[in-house]
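Colleague: Could you take one part of this model and walk me through it closely? I would enjoy a connected account rather than a list.

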Amino acid sequence: MDDHPGKSPDYLTINVTHRDDPVFEVTEADAFASVRKYPNIVVRGPLFGLAAQRRGERPRWRLLGELDTGFPQMARDELNSHLWFKAKDETEDRAERQSLLEAVARLEVDPVNEVTADGVRYRVVRADEFTRIGDGRLEPPRATDPDDDSWDLDAPDPCRTKGFVVDHAAAVGLTEGIDRAGLLQLSYTADRFPADVRADSRRAVTTHPGVVLLPATFRVVERKELSWSMVTGQYSTPQGARRALVHHLTRPVPQLPDLPDMPELPAWMKVDEKEAAIHERAAKKFTARRRPNELVVRGRRFEVVRVERVMRIGPDGPEKPRPSDVDDYGPSQIHPPMDEHGTITYGT
């Protein structure tokens, strides 16, 4: 029996299109070749962030920043601050400010994943982070991924996720359409995930049957004998991850001078001058190459890898945190009280 006679709802629609322009053609070919070379995926786990839905934008949602926090409460705290500063700096309307502050007050005491303020729905959203793998190798950056060539270690990392519109029915290329179709049944199956996590993952396939791919990010990992370990956070470009690796090698935490009654620093905080010199030379050779994705230092293999994030979509939009997504701490007051006039009461 057809549960959706006529036009399918947006959260079930994958709209594949083709554009007659060279950039689109090259990007499609690159994606198709990469998926064939790296046909399997390794799921790392969930990431959390924020999305908003304004009047007139339904059923679409817009992401407010990166999805880069590992716990739902960290995203709730981010939302708390976002609304507090919006009330402080972005309005002179008392009713609007009061609405924002009421949402802040709720976030201070309840671990809620959605609030409405001044007619805007704000939601803590969830995505699964994964990497493609083939022949025992994680996928490196693609030739068509946005990139740059700067080695300025203090260069800011652009955010490609902020402002991203979560629209399941938006037109995509053939490769992404096939890719999304293949991810529809994705769930956690490995024994390393607890039973409740696997159960929630299976349930999400039914409650949130659609999937959307977010802009790719990039990390540096260290390849071990049977696994990989993360070395850096996520970056919007491969070059951002490369700069982070150089930073990791050349700007270690310096050893502090001895002070009276100060305990000895742990070994990982101490800088070995001989080791530092080796890292400096390795980093110099690394930066002399154009867009390198591998570096071996004293037997340690570092790789720049491409990381993708898939967000599940249901009838009411992006998936919220699951019951099995745990937090290390709960809600609390982050900012001082403010009234509807914008007057802030600081503690004594």
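To start us off, is threonine 217 buried or exposed? After that, please give me a close look at strand 5 and what surrounds that strand.

Modeller: Happy to! Please keep in mind that this is a predicted model. Your opening point first: threonine 217 is buried, because its relative accessible area is 1%, and buried here means under 20%. Threonine 217 belongs to strand 10, which covers residues 217-223. Setting aside residues up to four places away in sequence, threonine 217 touches Gln234, Tyr235, Val305, Arg306, Val307 and Arg309.

Val305, Arg306, Val307 and Arg309 are among the contacts of threonine 217, and strand 13, running over residues 300-314, pairs with strand 5. That brings us to the part you asked about. Strand 5 spans residues 120-134. Of its 15 residues, 15 are buried, so strand 5 is largely enclosed by the rest of the structure.

Let us go through its partners in turn. Strand 2 and strand 5 are antiparallel and share 13 bridges; within strand 5, phenylalanine 130 is the residue opposite valine 43. Phenylalanine 130 also stands opposite glutamate 308 of strand 13, and strand 13 pairs with strand 5 in the antiparallel sense over 3 bridges.

Next come the two hairpins. Strand 4 pairs with strand 5 over 4 bridges, again in the antiparallel sense, and threonine 116 has arginine 121 of strand 5 as its bridge partner. The hairpin formed by strand 4 and strand 5 has 2 residues between the strands, and aspartate 118 in the turn shows a positive phi of about 50 degrees.

Strand 6 is antiparallel to strand 5 over 2 bridges, with glycine 134 and arginine 137 as bridge partners. Strand 5 and strand 6 likewise form a hairpin with 2 residues between them. The turn holds aspartate 135, whose phi is positive, about 55 degrees, although aspartate 135 is not a glycine. Aspartate 135 sits in the loop between strand 5 and strand 6, and it counts as exposed because its relative accessibility is 83%. The cut-off for exposed is over 50%.

Now for the packing around the strand. In soluble globular proteins, nonpolar side chains tend to be buried together. The largest nonpolar core of this model has 21 residues, and those with the most contacts inside that core are Leu79, Leu83, Trp84, Leu107, Val115, Tyr122 and Met338. At least two core residues come from each of strand 2, helix 2, helix 3, strand 4 and strand 5. There is also a second, separate core of 15 residues, including Ala216, Ile278, Ala283 and Phe286.

Tyrosine 122 is a good place to look at contacts one by one. Beyond its neighbours within four places in sequence, tyrosine 122 is in contact with Leu79, Leu83 and Val115, among others, and Leu79, Leu83 and Val115 are also listed with the most contacts inside the largest core. Other contacts of tyrosine 122 include Ala51, Ala52, Leu64, Ala117, His82, Lys86, Asn113 and Glu114.

One last stop is the loop that follows strand 2, the partner with 13 bridges to strand 5. Proline 59 lies in the loop between strand 2 and strand 3, and a cis peptide bond with omega of about 5 degrees joins arginine 58 to proline 59.

Notes:
Residues are numbered from 1 along each chain as its sequence is written. This is a predicted model: local features need pLDDT of at least 70, side-chain atom pairs count only at pLDDT 80 or more; totals for chains, interfaces and linings use all residues. Side-chain values use heavy atoms; hydrogens and water are left out. Buried means under 20% relative accessible area, exposed over 50%, partly exposed in between (1.4 Å probe, protein chains only). Contact means heavy atoms within 4.5 Å. A nonpolar core is a set of buried Ala, Val, Leu, Ile, Met, Phe, Trp, Tyr and Cys residues joined through side-chain atoms within 4.5 Å. Two strands pair if DSSP finds at least two bridges between them.
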